Amino acid sequence: MFPAHKPEGKGGENLLDIRFIRENPELVQRAADRKGIALSVRDLLRLDEERRRLVAEIEKLRHDRNRRSEEIGALIREGAREQAERVKEQVRRANVRLDELEEELAGIKAEYDRLMLLVPNPASPDTPEGA
C-alpha cells in the first residue's frame, strides 16, 4: 500500500519511506493529526533536507581528502616534500572539519529518526472517517 523501509539498527518497525513523505506531506500530517500524534511533518522534512545536505558535504570532503592523500604520496615520490607537507596540512584540516560535520549529522540523524518513528501510516482512502 504505502512504501516503507526499515530504519538502521532498529527492530522490525516498518516506517513510511521518506520519499513518500516528501511527496505527500499534507496527507502524512493529516494522518498524524487524526491519530493525535504530535508530529510536525514540516520539521521532519527540514531535518531530512539538512541530513541530506550534510551527507553530501561529508562525501565530497572525504573524496577531496582521499584525493589529497594520494597526491601526498606522489609528491613524496617526486621529492617535493615541502609541497607534500602543505597538502598534509590540508588533509589534517579536512579531518577536523569531517569530525565536526559527522558530529552535527549524528545529532540531526537522532532527531530525524525519532520523528520518523512517530510517522503514522495514512488510512486507506476507502477507510471510513473515524474508523
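## Helix pairs and salt bridges in a predicted model

Arginine 114 and glutamate 111 sit 3 residues apart in helix α4, which puts about one helical turn between them. The two are joined by a salt bridge, with their closest N and O atoms 2.8 Å apart. Keep in mind that this is a predicted model. The protein has 4 helices and 2 strands, and the picture below is built mostly around α3 and α4.

**The overall layout**
- Starting at the N terminus, the elements come in the order β-β-α-α-α-α.
- The protein has 131 residues, and 31% of them count as buried.
- Take the contacts with a separation of 6 or more: 61% of them link residues 24 or more positions apart.

**Helix α3 on its own**
- Helix α3 covers residues 41-77, and at 1.5 Å a residue its 37 residues should span 54 Å; the end C-alpha atoms are 54 Å apart, so the expected and modelled spans agree.
- Its buried residues include a run of leucines, namely Leu44, Leu45, Leu47, Leu54, Leu61 and Leu75, along with Val41, Ile58 and Ile72.
- Charged residues turn up on the buried list too: Asp48, Arg51 and Asp64.
- As for what sits over those buried residues, the cover includes α1 (18-23), α2 (25-34) and α4 (81-118).
- Just past the end of α3, glycine 79 adopts a positive phi of about 85°.

**Helix α4 on its own**
- Helix α4 has 38 residues, which at 1.5 Å each should span 56 Å; its end C-alpha atoms are 55 Å apart, so this one agrees as well.
- Among its buried residues are Ala84, Val87, Val91, Ala94, Leu98, Leu101, Leu105 and Ile108.
- Further along, Tyr112, Asp113, Leu115 and Met116 are buried as well.

**How the helices pack**
- The α3 and α4 axes come within 8 Å and cross at roughly 160°.
- That angle is over 145 degrees, so α3 runs roughly antiparallel to α4.
- As for handedness, the α3/α4 crossing is left-handed.
- The α2 and α3 axes come within 9 Å and cross at roughly 130°.
- That angle makes α2 oblique to α3.
- On the α2 side the contact is made by Pro25, Val28 and Gln29, and on the α3 side by Val41, Arg42 and Leu45.

**Isoleucine 18, a residue worth clicking on**
- Isoleucine 18 belongs to helix α1, and its relative accessible area is 9%, under the 20% cut-off, so it counts as buried.
- Leaving aside residues up to four places away in sequence, isoleucine 18 touches Leu44, Leu45, Asp48, Tyr112 and Met116.
- Leu44, Leu45 and Asp48 are on the buried list of α3, while Tyr112 and Met116 are on the buried list of α4.
- Isoleucine 18 and aspartate 48 are 30 residues apart along the chain, yet their C-alpha atoms are 8.2 Å from each other.

**Salt bridges**
- The structure holds 16 of them.
- An α-helix has 3.6 residues a turn, so residues three or four places apart point the same way. The pairs below show that kind of spacing.
- In α3, lysine 60 and aspartate 64 are 4 residues apart, about one turn of the helix, and their side chains meet in a salt bridge at 2.9 Å, N to O.
- The two ends of that bridge sit in contrasting surroundings: lysine 60 is exposed at 53% relative accessible area, whereas aspartate 64 is buried at 14%.
- In α4, arginine 86 and glutamate 82 are likewise 4 residues apart, about one turn, with a salt bridge of 3.7 Å, N to O.
- Arginine 86 is partly exposed at 49%, whereas glutamate 82 is exposed at 64%.
- Back to the pair at the top: arginine 114 is partly exposed at 43%, and glutamate 111 is partly exposed at 31%.
- Elsewhere, salt bridges with shared partners tie Glu50, Arg53, Glu57, Arg97 and Glu100 into one network.

Notes:
Residues numbered from 1 in each chain as written. Predicted model: local features only at pLDDT ≥ 70, side-chain atom pairs only at ≥ 80, totals over all residues. Heavy atoms only, no water. Expected span 1.5 Å × (residues − 1). Buried < 20%, exposed > 50% of the residue type's maximum accessible area, 1.4 Å probe, protein only. Contact = heavy atoms within 4.5 Å. Salt bridge = Lys/Arg side-chain N within 4 Å of Asp/Glu carboxyl O. Axes fitted to C-alpha atoms, helices over the stretch in contact; angles between N-to-C directions. Parallel < 35°, antiparallel > 145°, perpendicular 65-115°, else oblique. Left-handed = near helix turned anticlockwise from the far one by under 90°.
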